[in-house]
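Student: I should like to learn how confidence, helix geometry and internal cavities are read from a model.

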Amino acid sequence: MSCTATDTPNCTATFTILDKLSSPVIDSLLSIHPNDITLTGGELPSLWSSWWSWATSSAVHKDLSPAWLRLIRYLCRRNESNTPDFDIPPELGLLIDTVRDLQLQRDPVTLPITSAHGTCDAGYRTYGMSPKKEHEVQRMSSYIHHLINSSNCGSVPHAVDVGSGQGYLSRALQDLGLHVLALDNNENQTSGADRWNTKEAARKLKRERRKDHDGVSEASKKSTAKEMLMQPEGVNTVVKNTNEERKGSLIHRTVNISTGTLEKAISDWILTESPGIKSHEDRSIGASPTRSEHVPAMFVALHACGSLTVDVLRTFLSCRHRRSDSKVAEPGWRPHSLVVVGCCYNLMSPCDFPLSKALREVSPTPRLQVAALHLAAQVPSQWLKSQPATQGAELAIRKVVYRALLQPVLQAAAQTSDVTLDNTSQSERDKPPMQPGLGETSENRRLGKLNNDAYKDWPTFLDRALDKMGISIAELSGSLPDWFFDEGSRLKMENGLSVLHTLRCILGPLIETLIVLDRYEWIRHELAEMNDGGQKMVIEMVNLFDQAVGSGRNIALVIKPVDNHTRGD
């Protein structure tokens with residue numbers, strides 16, 4: 001599958017993915033963590049016997065590459081023709097081909113170069129942002145600018161940024177001339193955004209003085225060059241803001257966001273605080289709407305964590321449904337459009353999947369394991385993009401594998417009273433129960449994080465971990481498996497666990513595809529059920545960001561009006 005912004009996926013693809021993820025082989029991969037293998041004495045499902053023998057074989061590939069790397073090379077191959085010898089088991093090749101065929105295509109869409117209100121001096125807006133965040137804010141604000149100035153969308157002067165964090169996207173939208181309500185449930189984030197604004201006032205004063213002295217702002221030159229470089233190759237379209245005279249505004253609020261509180265926060269803002277709305281006596285021809293009218297508002301969310309994404313979607317659809325029902329009193333605003341990029345699927349509520357009518361009607365109702373939700377964040381297609389990326393992937397695998405190899409030690413140590421009683425705090429005992437497929441144990445929780453240099457090699461890791469836990473390996477030797485003391489056997493186990501973890505990561509994008517398609521189909525059905533007096537809304541999936549810069553969650557769900565004759569509605 002290669003669905004893009006212009007494609008319309010169907011339920012068949014969703015059911016096919018669900019069927020594959022429910023198959024015995026994939027279900028076993030999702031259910032069994034590398035930690036579980038070492039804790040059960042190396043006991044394996046019979047379905048794994050063939051590829052596990054290959055993964056733990058002492059045979060060396062001609063290019064000396066480890067087995068896990070051969071799997072990733074096969075995954076990332078460019079085409080089917082002239083396929084080199086990857087030397088992988090046929091069943092694993094078939095599994096990877098299935099993932100490649102069914103997962104959503106993730107190449108970023110081409111965006112027009114934006115010449116928008118305020119962007120001529122917007123380089124300062126990147127202050128404090130990482131390159132990844134800067135890429136995301138620039139791309140998302142450019143897409144929104146293009147969307148609100150398209151022929152079908154009409155005028156939408158208000159935007160609500162849900163989960164706004166430090167307010168980077170909020171300020172970019174303000175630069176576009178929008179009146180922005182920035183909402184976050186963390187007071188520290190809201191305070192940080194306010195502090196940024198205070199510091200920016202001082203930075204702006206310095207820039208103005210520099211302009212007076214130099215005549216031309218060097219910051220403007222750098223900003224323009226940077227904006228040009230961030231666009232995909234071959235782009236030469238310039239979109240001009242049709243509302244350049246409009247000045248935006250920005251208000252930050254801390255709100256414990258849910259479907260009900262989000263709607264109330266928007267209503268309170270638009271009806272009482274927004275500077276973009278005038279009273280009746282101040283209204284003039286062509287001026288902003290009055291408070292008695294239904295003010296259009298766009299919903300935006302950049303990487304709204306877990307259930308927050310679904311809460312935003314539910315609020316939007318609920319308000320649209322209310323608008324289509326003439327018997328229900330409407331608020332003084334209406335949801336006009338939506339651009340939302342989700343993330344942190346492991347923080348989703350169980351009721352957030354499935355959402356679509358088609359999947360809810362399946363019996364029994366399909367569920368995603370917590371382990372699957374964690375794996376949905378993996379982007380193995382980017383592991384080979386550069387040498388640092390490959391080294392980072394190798395380190396991440398080593399972390400999982402070394403900790404798995406340590407499990408028999410932690411388990412044996414936990415059976416002694418001094419470790420169990422002295423090192424287990426009340427707060428640790430009060431934590432939620434461990435979930436299957438995550439490899440969680442109470443001992444792992446106590447071990448906590450180690451610095452990257454601790455994973456240089458197995459002896460270094462073992463020394464650091466034992467020292468941190470206060471464990472003497474000599475006292476436990478009789479309780480540990482034979483492979484733990486035999487280097488050859490341990491290396492075979494290490495290779496097998498590396499392949500297991502890699503296979504689980506390869507399944508991640510397919511899991512995310514299922515989640516996104518479920519949301520897409522749910523929204524599509526809900527919009528089709530509404531009667532908005534002739535106005536139609538469409539749902540699209542748009543690959544806003546480039547995964548190569550680290551933006552793994554790059555799919556935006558976009559809802560927008562499509563009928564030209566209703567653009568003023």
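The dialogue below takes these topics in turn.

Tutor: This is a predicted model, in which local features need pLDDT of at least 70 and side-chain atom pairs count only at pLDDT 80 or more, whereas totals for chains, interfaces and linings use all residues. Residues are numbered from 1 along each chain as its sequence is written, and side-chain values use heavy atoms, leaving out hydrogens and water.

Student: What mean pLDDT does the chain have?

Tutor: pLDDT is the predictor's confidence in each residue, from 0 to 100. The chain averages 82, and 73% of the residues score at least 70. Over residues 224–244 the pLDDT is below 50, although this stretch has 42 contacts in the model beyond near neighbours in sequence; contact means heavy atoms within 4.5 Å. Where pLDDT is low, the predicted coordinates should not be read in detail.

Student: Where does helix H15 bend?

Tutor: Helices are DSSP runs of H or I with at least four residues, and strands are runs of E with at least two, numbered from the N terminus. A bend is the angle between axes fitted to the seven residues ending at a residue and the seven starting there. H15 bends by about 40 degrees at Leu406, and Pro408 follows within four residues.

Student: Which elements each supply at least two residues of the lining of the second largest cavity?

Tutor: A cavity is a set of points on a 1 Å grid over the protein atoms alone where a 1.4 Å probe fits but cannot get out; lining residues have an atom within 4 Å of a point. Strand S7 (333–343), helix H20 (487–529) and strand S9 (555–561) do so. The lining includes Tyr345, Glu512 and Arg553.

How values were computed. 1 Å grid on protein atoms, 1.4 Å probe; cavity = no way out; pocket = protein on both sides within 12 Å on 5 of 7 lines; lining within 4 Å.
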